[in-house]
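Student: Could you zoom in on one strand and what surrounds it? I'd like the cut-offs spelled out as you go.

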Amino acid sequence: MKNLRWSSLCIRFLLASGLFMAFWACGEDRMPPIEFPETDMAAAPLIPIPDKVVPTRDAYGLDRHTGIYAPASNAELVEVASFLADQLEARTGLRIPVNDENGSGIHRAIYLNATETQGDEEYELYISRDSVLINAGSADGAFLAVQTLRQLLPETPNDTLAEYPIWPIPTGKIEDAPAFAFRGAMLDVARHFFSVEDVKKFLDVMAYYKLNVLHLHLTDDQGWRIEIKSWPKLTEVGGSTEVGGGPGGFYSQEDYKEIVAYAASLHITIIPEVDMPGHTNAASVAYPILNGNGKTPKLYTGTRVGFSTWDTRKDTVYQFIDDVVREISEMTPGPYFHIGGDESHVTAKDDYKYFVERVEPIVRKYGKRMIGWDEVATPSLDSSSIAPFWADQENAQKAVAQGMKVILSPAKKAYLDMQYDTLSKYGLHWAAYIPVDTAYIWEPATYTEGLEKSDILGIEAPLWSETISDITELEYLAFPRLLGYSELGWSKPERRSWEDYKDRLGRQTPYFKRMDIRYYPSARVPWMDPEFPEPPQVE
Ligand code: TNX
């Protein structure tokens, strides 16, 4: 293990940050030495697994003498420091000060340091007996390092080492960076509506496992879930029901902004999707002038797909789309707008092409990159557009031939709404049964013939909601599989193995319990203290 040269790191940090009071904490340990039992950082159940972990077998004692420091001139980094303090308080009850000017009671500091040499989401985490140092090129990187630190914190403190509780964190060095910049999940809030609170809880878990994009499928045949002020009936009428005939619901613009802001505080980008020209029955009921399938639209609460379309040759339709894209884009800081574009079975081929080629410039006019399910790659599009590959490999190849990027969401591997097996309580199985190991054992970079790794922005696991109507049912399908997708998106192939992963996965139960996550207790995973009984075995 190479010498970490703490004193020089401390001095560099102090020069960079001007936090002279932190000097106190950089001095030799002023606490009576504590004998920690030997630790092994490499054995910690980290998900996703980092690039490089070098254990030094000692422990850093998080306790009432801990302080957090970040350069005061870097507001984003100070925010990450406050996030860490809040998380540590929730876990330990300790109110750890951030940039405490006095610093006299602080003997073991956690430093967040901005570097110029690291990539956006890259970070280093050095943990010694006396201090924790996070080096990152951006606040995103520091935030990701903080998730690793949270995962290293033991469940319970040691109460015998001193007369106050100490949480021993294993020492060593972690160097880490993501395989893909785009690591996403999707929630279908259209087939069944999910509340702002539900979405926030999902975001909390995503952040803990280093996922950084949440795509919201906001509209479909069964419901329109986002308030558009210039077309109020979309939600008044189109948001009034859902699959199975329940009450539906929608996000007001204030609700949506709240979700976007909450996601931003977790360094997660929201992608809004308005699915068109198919999957548009709810909007057509609200405004029949849009309709293009020749029938009188009625509210729909079933689960069929492919029966609706808009009138692609009517200018009013594009006026309408312009308003929708404008209002949503104004509330969305992220760079993407998703136009759906899938399963437009009753839209004539020419009309579909005309439609997509006319909508794309509208999306760009409002400063967004267009995303559309792989079918949109048939028309000719700007190379800034993106096609998630869900069903048709040829479409993915067409996208790449146009210079577009692809996101990997192959239904056979990455669909969270596919049943685990024939006994699964919820989910569909038209693409496959996807047990927890199948969800993990595949290689996104080489999955699609004819695509290079550089063609792939990343991966996204969509959760369609035809069969799930509340957060408990949502969690049954999403967890634990979502954690596997997080590792596929983050960790390099040479670091991944099912044998090792399943052991780390089985050790997430304390976190699941704390978060009250109703995961599916797959019998293929060695769960530690399972909260739920093992499900019956299938062949
Ligand atoms: C296909 S994936 C769909 C959705 C369904 C899903 C169910 C895609 C682009 N379209 O409309 O909800 O299958 O698994």
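Tutor: What follows is a walk around one strand, with a few stops further along the chain.

Quick housekeeping: this is a predicted model, where local features need pLDDT of at least 70 and side-chain atom pairs count only at pLDDT 80 or more, while totals for chains, interfaces and linings use all residues. Residues are numbered from 1 along each chain as its sequence is written, and side-chain values use heavy atoms, leaving out hydrogens and water.

The strand to look at is E7, residues 182-188. (Strands, E, at least two residues, and helices, H or I, at least four, are DSSP runs numbered from the N terminus.) Seven of its seven residues are buried, so E7 is largely enclosed by the rest of the structure. (Buried is under 20% relative accessible area, exposed is over 50%, and partly exposed is in between, with a 1.4 Å probe and protein chains only.) Both faces are covered: Phe 182, Gly 184, Met 186 and Asp 188 are buried on one side, and Arg 183, Ala 185 and Leu 187 on the other.

Now the neighbours. E7 pairs with E16 in the parallel sense over six bridges, and Met 186 has Pro 462 as its bridge partner there. (Pairing takes at least two DSSP bridges between the strands.) E7 also runs parallel to strand E8, residues 213-217, joined by five bridges; Asp 188 stands opposite His 217 of E8.

How does the chain get from E7 to E8? Helix H5, residues 196-208, belongs with the two strands to a right-handed β-α-β unit. (Right-handed here: with the strands pointing away from the viewer, the path from the first strand over the helix to the second runs clockwise.)

Follow E16 back a bit and you reach Glu 452, in the loop between helix H13 (436-440) and strand E16 (456-463). Unlike buried E7, Glu 452 counts as exposed, because its relative accessibility is 53%. Its C-alpha lies 9.3 Å from that of Val 400, though the two are 52 residues apart in sequence.

Since you'll probably check backbone geometry anyway: most peptide bonds are trans. Here, a cis bond joins Met 276 and Pro 277, with omega about -5 degrees, and Pro 277 sits in the loop between strand E11 (269-276) and helix H8 (281-286). The bond from Phe 479 to Pro 480 is cis too, with omega near 15 degrees; Pro 480 lies in the loop between helices H14 (471-478) and H15 (481-490).
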